[in-house]
Each structure stands twice: as structure tokens, then as C-alpha cells.
Amino acid sequence: MITIMGARGNTGAAVAARLHEAGEKVRIIGRSVEHLEIMSKHGIEPTAGDVTDAGFLATAFRGAEAVYALIPPAYDEPDQLGHYARVTAAIAEAIRKNRTPRVVFLSSLGAEQPAGTGPIVGLHRAEERLLELPGLHLLILRPGYFYENHFATLGLIKARGVDGGAIAPDVPVPTIAAADIGAFAADALRARAFTGTTVRQLLGPRDLTMRETARILGARVGRPGLDYVQVPDSDFVQGLVAMGFAEPVARAFLEMAHALSAGRVAPLPDYDVWRGPTTFEEFSATLAEAYREL
């Protein structure tokens, strides 16, 4: 049996679906059973609770031969690094209590850095904590910038005819589709072959600048020549706050954007790179469908 955290998220849902289709017994974790109802109807075992609760996670991990672990976002939580630390502590205690043999942990490019990368700092600390667990076979996934992040600017494109964000427009950014991350993680969990500690960097077919993604998306949604504009830092923070982000979290995401712009969130030569098959041109069809529904 394999336990999946974040089963309603972009990667967790893909992991659960792929494993279930392969005939694996799957247990999924979410905040409420209602949120997991669709998956549970297909024979996937749901369990709901608070992922900062080590007792709950210990029960959810019980009997699992492997776990897909991640830290769900909490954008309205002012102490974001504290949230990361609490979830990490609960995961570590659940692994220790159950002697869980194998864990695939979703981290990020840039997680080797202890500071200056916004929320990725929390993943750095989580990696360090998991590495302390004796006897654990740990596969750390460090993907690039999710294609799915572009959903956030569709409203801006429709309302103002321009794409925008805090990342510099002409810096190549390592990018990838969440479904490809999920496929890689599911295959690793199903094989149960990784041993010791392994770090894999997951990227899409090619790096893309924000200006390139805007051009590709613009052509797909009927706005040829769509441009990308780097917005002032203060406007970026205010925009996230208006979307429900706590201000410290918004500032952390600004720090991450600066790190991406500076090329600090990038693959390292010390670790293997796996490139997923989905191109941004292909994924832009999904973005276009959401755009039309706005």
C-alpha cells in the first residue's frame, strides 16, 4: 500500500491516479473526506485530517510500504516557514513511528540554499530534517517552475491584454508540468527500487522565459503578440495580498521571484536531471480552456 499526501493537489492527484490505474492499493490524505469523495468512489482509500498533527499522519502512514510526502501550501498563514516546520515535524514523526521504509518527497530546485529563496527555504529545512531519519530510503524530487503557475495570470490577460509577474521577462526559467512530476513520482513509488538518499531534478523539455510563455499562450487564446511585463515589487505584493495571501507570504514569493530572475533556482551539476515529455505548447491548451471559461 502507498500513502499519498496532497491528493487534491497538482502532483498528488496525478500520483494517486497513476498508481491506482497500475493496480496499486492507494491511501490518499486530504483536509476533508468530502474533498476526496471523487477519488474514493474509484476505490481509493481516503483519510482526512490535519497534516500538522503527527498522530493523524502516523495513522495515515500505517502499513504503507512507501509514502509520497509534500508540504501543502498555506498562503494565508503569516508564519509560512513555521507552517513548513510543523508539517515537516509531523511527517518525520509519522515516518519514525511506522518505520516507513521509502519516501518520495516533493521539494524544489534551489532547495540546497538555506536562505534567499522565499518558500523554498522551508523545503531546504524539510530536506535536512528528513535526512536525519535513520534507515529511511529517501527520494528527493526537485522540480522546476510549474506550468500550472500560469493559471494565476489568466485574469490579468483577459482583463488587460497583458501577462505579468515579478520574474524578469527574459531569464530562462526551468519549467515542468505537474502531471509529469506525478508520473515520475508514481513510477518510482511503484518500483520501490530507490535506496539511500537520491536527489532527482525534474524539468520540462526546455527552459522558457516569461516572455516566451506569454507569446505561446497568447497565440493559443487568440491574443497574438501577447507581452509579458515585469511588475513593480510593491504591485506584485499588493496583488497577492488581494488574492488572499498573508503579506509575509506575498513577500516570500517576491523573494523567490528575485531568486528565479537571478538564476539562483536552477539545476545543479551534482544531481541527475530527468526531463518530462510535456511541452508548454501542449499545456497551453489547458490554460486556454480555463481562459475561455473566465
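Helices (H or I, at least four residues) and strands (E, at least two) are DSSP runs, numbered from the N terminus, and two strands pair if DSSP finds at least two bridges between them. The views show a predicted model, in which local features need pLDDT of at least 70, side-chain atom pairs count only at pLDDT 80 or more, and totals for chains, interfaces and linings use all residues. Residues are numbered from 1 along each chain as its sequence is written, and side-chain values use heavy atoms, with hydrogens and water left out.

**View A. An open sheet of eight strands with parallel pairing.** The strand order is 3-2-1-4-5-6-10-12. Strand 3 (45–48) and strand 12 (272–275) are the edge strands, each pairing on one side only. On average, neighbouring strands of this sheet are turned by 20° against each other, direction ignored; axes here are lines fitted to C-alpha atoms, for helices over the stretch in contact, and angles run from 0 to 180 degrees between N-to-C directions.

**View B. Strand 5 beside strand 6, and helix 5 on the sheet.** Strand 5 (residues 102–106) and strand 6 (residues 137–143) run parallel and are joined by five bridges. Phe105 has Ile140 of strand 6 as its bridge partner. Helix 5 (residues 120–131) packs on the sheet and touches strand 5, strand 6 and strand 10 (197–203), where contact means heavy atoms within 4.5 Å. The direction of helix 5 makes about 170° with that of strand 5.

**View C. A salt bridge between Arg206 and Glu281.** A salt bridge is a side-chain nitrogen of Lys or Arg within 4 Å of a carboxyl oxygen of Asp or Glu; by this rule the count comes to 13. Side chains of opposite charge can pair when their charged atoms come close. For Arg206 and Glu281, the N to O distance is 2.8 Å. This pair links distant parts of the chain, 75 residues apart: Arg206 is in the loop between strand 10 and helix 8 (210–221), and Glu281 is in helix 11 (residues 280–293). Arg206 is partly exposed, at 34% relative accessible area, and Glu281 is partly exposed at 30%; buried means under 20%, exposed over 50%, and partly exposed in between (1.4 Å probe, protein chains only).

**View D. A salt bridge within helix 10.** The closest N and O atoms of Arg251 and Glu247 are 3.0 Å apart. Both residues lie in helix 10 (residues 247–261), four residues apart, about one turn of the helix. Arg251 is partly exposed at 47% relative accessibility, and Glu247 is partly exposed at 42%.
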